[in-house]
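Reader: I would like to learn how to read the surroundings of a ligand. Please take me through one case.

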Amino acid sequence: MANNQPIFILPADTQRFKGRDALSMNINACKTLAGIIRTTLGPKGMDKMLTDSLGDIILTNDGATIVREMDITQPAARMLVEIAKKQEDVVGDGTTSVIVVAGELLSKAQELLEDGYSTPLVIKGFRDGLAKALEVLNDISINSKDKDTLLKIAQTAITGKGAEFEKEMLSDLIVDAALRVEEDGKVDKERINIQRISGDSVKDSFIVDGLIVDKAPMSKSLPRDIKDAKIAVLKYPIEFKKTNIDSKVQITDPSQMQAFIDNEKEMLKDIVDKVIASGADVLFCQKGIDEAAENALTHAGIISYKRVRNTDIERISKATGAKFVSNIDDLNSESLGHAGHYYVDKIFDHEVTFLEKCEDPKATSIILRGSTRHVTEEVKRALDDALGVVAATIEDGKVVVGGAACEIELIKQIKSYAETISGKEQIAILSFADAFEVIPRTLAENAGLDTIDMVTNLKASHENSKNMGLDVINGEIVDMEKEGVLEPLKVKFQAINSASEACEMILRIDDMVAARGALESTGTDESGNDDSGMPPMGGMPGGMPGGMGGMPPMM
Ligand code: ADP
Ligand code: MG
């Protein structure tokens, strides 16, 4: 019997990349992604313009938003997208850094592998380096969570974003809001509603002690200012909707038609009566309200809102304590919520509703203004970042200095630790340390500064002080603590930890098996292979509609 008979265990059209091919494909994909993202890092970082499949434009500097909108399909690069999302969920900032650092760690690993180091050795060295890095981070962190620190933390997060020109005032708003909702050292970010209303400028933003609903009441005749308002929240329609199912009612004579209409009216009247009986002053209905029913409600003095967005409904319910009623029979005085002050007011050109002094005293809103939707969207992303870092600092009470001061100190201390380790592992730890240079290098590069000069001088400055970092505006090396450039320890901790974890996971992959097409480019190159002999990166060029210059050259 022939023993060299090939055995097929996979369908013939399955794509498979093994060993070093798989690894270099993955590393190159991640390096490319990091290369795209890195130009947005820091106060002098640039923005990206993205268009989604519907043609909507997004202008942003936010790492997590960019990678989310890019629709990346290459599996390893997707792992970096995941860590950026996780970074956003956990701490709300540092999303660009985490991808940039992960890309650089992989790049360093690739160099080591090309020099003949084994994968397990690289992983071991990187793990040791990581353990040391986290220890150093803790050592160099500063214990502080006073208001002044929180303001600086917020400002650092906002610097470089579209909102930078109003960063002081926006930081005030964020810190104010965070301190309002703080409870036992924790900040429930959900309680802060950032509501965007276009028109006027960012500096017209303000904070509300309660909720704001971007809607006006249906009736124009009822009072627009009520003290101690009783609020009903209904998920039940007060109208008869055309059903999705094709239903036919056979009517044979006119009296039947009248009976049918009367029956509908009767049912609506019944619903309206139940709303009136509950004693509600204001009704927020997630579904539609029939005109006749609305008239009846107005007649009874009940202010009504129809088709209120689900997110608003949830917020109203949470803030006022109103029960979310989805069956009209459950609506009664018990299910009503309470707002100390209900009123309708005009912001710029449209009317919005305020619910202040709510049952939950901690419900807080920030009304974010800006000339256009693109402005308010990007400012909102900056505020989300700022809220994330402020909340993290209130909870953790530990900060580190920014402007690459912390990364330079990490390099220094991890390197001196490496000196104590002998053999090949030392080289891997040194490489791990060197990866952090990507942060000062990129900050300098994005600011148009001489990167080699800056990094060399920064390193020299750390002989005397661990706080020296890069003032990208003036191109000088300054004490970042004095400068007030602070970041939460948690942001750095999470970023370095998850970048290292992702790097290790990617290094461990030595075989990629995919159904035909899954690893293929969705871009213009249909051949499935480019000239570099490297398998294509799925999705990246195709994911950026309008051909945003495609990808930077691969190495
Ligand atoms: P990320 O998404 O990673 O937060 P950013 O674009 O917000 O990316 O840039 C963060 C980097 O910019 C951090 O390394 C931070 O220390 C640095 N940075 C922020 N403000 C300043 C400043 N005023 N001077 C120098 N560096 C700064
Ligand atoms: Mg940031």
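Reader: Which element gives the most to the shell around ligand 1?

Author: This is a predicted model. A shell can be read by the helices and strands that supply its residues. Here α4 gives the most, with three residues.

Reader: Which elements give two or more residues to that shell?

Author: To place the ligand before listing them: ligand 1 sits in the second largest pocket. The elements with two or more residues in its shell are α4 (95-114) and α14 (438-446).

Reader: Which residues come nearest to ligand 1?

Author: There are 20 residues around ligand 1, and those that come nearest are Asp93, Thr96, Ser97, Gly403 and Glu487.

Reader: How is the shell around ligand 1 made up by class?

Author: Class counts describe the chemistry on offer. For ligand 1 the shell has 10 polar, six nonpolar and four charged residues.

Reader: Which atoms of threonine 96, glycine 42 and glycine 403 lie a short way from the ligand?

Author: Polar contacts are read as pairs of N or O atoms within 3.5 Å. For threonine 96, a polar side-chain atom lies 2.9 Å from an oxygen atom of ligand 1. Glycine 42 places a backbone N or O atom 2.9 Å from a ligand oxygen atom. With glycine 403, a backbone N or O atom lies 2.7 Å from an oxygen atom of ligand 1.

Reader: How much of the accessible area of ligand 1 does the protein cover?

Author: On its own, ligand 1 has 580 Å² of accessible area, and the protein covers 95% of that.

Reader: Which domains does the assignment give for the chain?

Author: The domain assignment gives domain 1 (14-142 + 401-519) and domain 2 (210-356). Taken over C-alpha atoms, the centres of domain 1 and domain 2 are 52 Å apart.

Notes
Residues numbered from 1 in each chain as written. Chains lettered and ligands numbered in written order. Predicted model: local features only at pLDDT ≥ 70, side-chain atom pairs only at ≥ 80, totals over all residues. Heavy atoms only, no water. Near = heavy atom within 4 Å. Polar contact = N/O pair within 3.5 Å; in protein donor to acceptor, adjacent residues only side chain to side chain. Areas by Shrake-Rupley, 256 points an atom, 1.4 Å probe, with all protein chains shown as cover. 1 Å grid on protein atoms, 1.4 Å probe; cavity = no way out; pocket = protein on both sides within 12 Å on 5 of 7 lines; lining within 4 Å. Sits in = over half its atoms within 2 Å of the grid points. Helix = DSSP H or I, 4+ residues; strand = E, 2+ residues; numbered from the N terminus. Nonpolar A, V, L, I, M, F, W, Y, C, P; charged D, E, K, R; others polar. Domains from an automatic or database assignment.
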